[in-house]
Amino acid sequence: MDDGFPEPDADVESIAPEALKQRIDDGRPVTILDVRAESEYEEWRIDGESAEVANVPYFELLDGVSENHLERIPAGDPTVVVCAKGGSSEYVAGQLLDEGVDAVNLERGMNGWAGIYEYRELDADTDATVAQYQRPSSGCMAYMVVSDGEAAVVDPLRAFVDDYVQDARAMGVDITYAIDTHVHADHVSGVRELAAQTGAQVVLPEPAVDRGVEYDVDYETVGDGDTLTVGDIDVDVLHTPGHTSGMTSYLVDDAVLLSGDGLFTESVARPDLEGADDEEAREAAAELHETLQSTILPLGDDVLVAPAHFSDCATPRDDGTYVTRLGDLKREMDALSMDREAFVEFIRSDMPPRPANYEEIIGTNLGQRATDDEEAFELELGPNNCAASSDAMTSD
């Protein structure tokens, strides 16, 4: 329970974050009462097509639940009460029980929700196993590429390094590479921690290192045209700048493009997380246009685009993975057929707020800032906001 919150009089039951997520995935009706401050609720929250969500801040309920409050709180079977860490929501759930409302507490609150991490395998035209790791709370994704006893983990999250290690052990493979596509601005990278646990070689794009990487572990740099070998398959290195100067994609066995934050299934990258001013963002947007037209779009239509993030407006495949054929993106995303000037103006016209704490996260990922595990987890809470638009750019 959060320090300082009173114990509820009623015996409050809890629901695990994973169980709540499963109910939402199954399309079963879910009722959520979020008792965080309105600003926190607006920034990020639990949602879903089958979810009815209301926000009544905890401080409004300190003196009890009034008739007016009950009118604002949707009745559920049960109503799941949510706060940041599970303390204030437990107290409110107890008050609701006293008023005859069927209420339960979300175990560990939004911190528990942020701890959900899901494994899915891509249906791709390759003999390699390509696993996609999804963090629903933020939309961050990582990948494990497995072939002939070896594995590479691309864009690992520091908070979930143990998951990659355990999965590799279960598969009977050695993690040989810990790879980042770029200097991330929305989550703390786990490449160094993964290397420390497994002996894997840290791999960074050479242009990303030029931003001032200061690691206390050995690392290898790769550039455009290089090839990494994982077991029996090749992973080609494609420099794809625009989101950042060092943004690099990895083409797995000519079948799966691990596109980082350069191209998503529903949008393209935002260009303003590295430069200091509007002109630099404009130049980066123009560079992104060149990347898309000259490097990514010429790849085969059947190549699967597998990005490092998905947003609320992204639609998963039937198997739950967030990937799409490049040919389908060409057909559905008008931005990919725009000329340079129109493209630059379009992607700069409606960019969402920058990711929370992005400067501290970048400093941590460059190795210039010391951040312990608890602070790292707190820094990356919330949505990723690495796409150029809050809405999908694709259409049927």
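Okay, let me start with one term: a cavity here is a set of grid points where a 1.4 Å probe fits but cannot get out, and a lining residue has an atom within 4 Å of one of those points. Keep in mind that this is a predicted model.

So, cavities. Searching the whole structure turns up three of 30 Å³ or more. The largest cavity holds about 60 Å³ of space. What lines the largest cavity? You can click along with me: Asp180, His182 and Val183, then Leu204, Pro205 and Ala208, then Val213 and Tyr215, and finally Asn365. By class, that lining splits into six nonpolar residues, two polar and one charged.

The second largest cavity comes in at about 40 Å³. Ten would be a lot to read out, so here are the ones closest to its centre: of the 10 lining residues, those are Asp186, Ala356, Glu380, Leu381 and Pro383. The class split for this second lining is six nonpolar, two polar and two charged.

Let me go back to Asn365, one of the residues lining the largest cavity. Asn365 is also among the buried residues of helix 12. How many residues of helix 12 are buried? Seven of the nine, with the helix running over residues 358-366, so to speak a mostly covered element. Besides Asn365, the buried set has Tyr358, Ile361, Ile362, Gly363, Thr364 and Leu366. And what do they pack against? Two helices: helix 7, at 191-198, and helix 13, at 373-379. Right after helix 12 you get Gly367, with a positive phi near 85°.

The same cavity takes us to strand 11, residues 201-205, since Leu204 and Pro205 are both in the lining. Strand 11 is mostly covered too, with four of its five residues buried. Its pairing with strand 10, residues 174-179, is parallel and runs over three bridges. If you want one position to look at, take Ile179, whose bridge partner in strand 11 is Val203.

On to the sheets. One open sheet has five strands, ordered 1-5-4-2-3, and the pairing is parallel. Which strands stand at the edges? Strand 1, at 14-15, and strand 3; each has a single partner strand, so one side of each has no neighbour in the sheet. Further in, strand 4 (residues 79-82) and strand 5 (residues 103-106) run parallel and are joined by three bridges. There, Val81 sits opposite Asn105 of strand 5.

Another open sheet has six strands, in the order 13-14-15-16-17-18, and this one has mixed pairing. Its edges are strand 13 (227-230) and strand 18 (324-325), and with a single partner strand each, they too are left with one side lacking a neighbour in the sheet. Over at the strand 18 end, strand 17, residues 304-307, pairs with strand 18 in the antiparallel sense over two bridges. Val305 is the residue facing Thr324 of strand 18 there.

Last topic: aromatics. The structure has eight aromatic pairs. I'll show two of them. Tyr58 and Tyr91 meet edge-to-face, 6.3 Å centre to centre with 75° between the planes. Why does this pair tie together separate parts of the chain? Because Tyr58 is in the loop between strand 3 (51-55) and helix 3 (67-72), while Tyr91 is in helix 4 (residues 88-98), so the parts it joins are 33 residues apart in sequence. Are these two buried or exposed? Tyr58 is buried, at 13% relative accessible area, and Tyr91 counts as buried at 16%.

The other pair is Tyr119 with Tyr133, again edge-to-face, at 5.4 Å centre to centre and 80° between the planes. Tyr119 belongs to strand 6 (residues 118-121) and Tyr133 to strand 7 (residues 129-135), and the pair links distant parts of the chain, 14 residues apart. Here the burial is uneven: Tyr119 counts as partly exposed at 31% relative accessibility, whereas Tyr133 is buried, with a relative accessible area of 1%. Zoom out a little and you'll find both in one aromatic cluster, together with Tyr117, Phe160 and Tyr164.

That's my tour; happy to go back to any of those views.

Note on methods:
Residues are numbered from 1 along each chain as its sequence is written. This is a predicted model: local features need pLDDT of at least 70, side-chain atom pairs count only at pLDDT 80 or more; totals for chains, interfaces and linings use all residues. Side-chain values use heavy atoms; hydrogens and water are left out. On a 1 Å grid over the protein atoms alone, a cavity is a set of points where a 1.4 Å probe fits but cannot get out, and a pocket is an open set with protein on both sides within 12 Å along at least five of seven lines; lining residues have an atom within 4 Å of a point. Grid points are joined across faces, edges and corners, and a volume is the space filled by probe spheres set on the points. Ala, Val, Leu, Ile, Met, Phe, Trp, Tyr, Cys and Pro count as nonpolar, Asp, Glu, Lys and Arg as charged, and the others, Gly among them, as polar. Buried means under 20% relative accessible area, exposed over 50%, partly exposed in between (1.4 Å probe, protein chains only). Contact means heavy atoms within 4.5 Å. Two strands pair if DSSP finds at least two bridges between them. Rings of Phe, Tyr and Trp (its six-membered ring) pair if their centres lie within 6.5 Å; planes under 30 degrees apart count as stacked, over 60 as edge-to-face and the rest as tilted.
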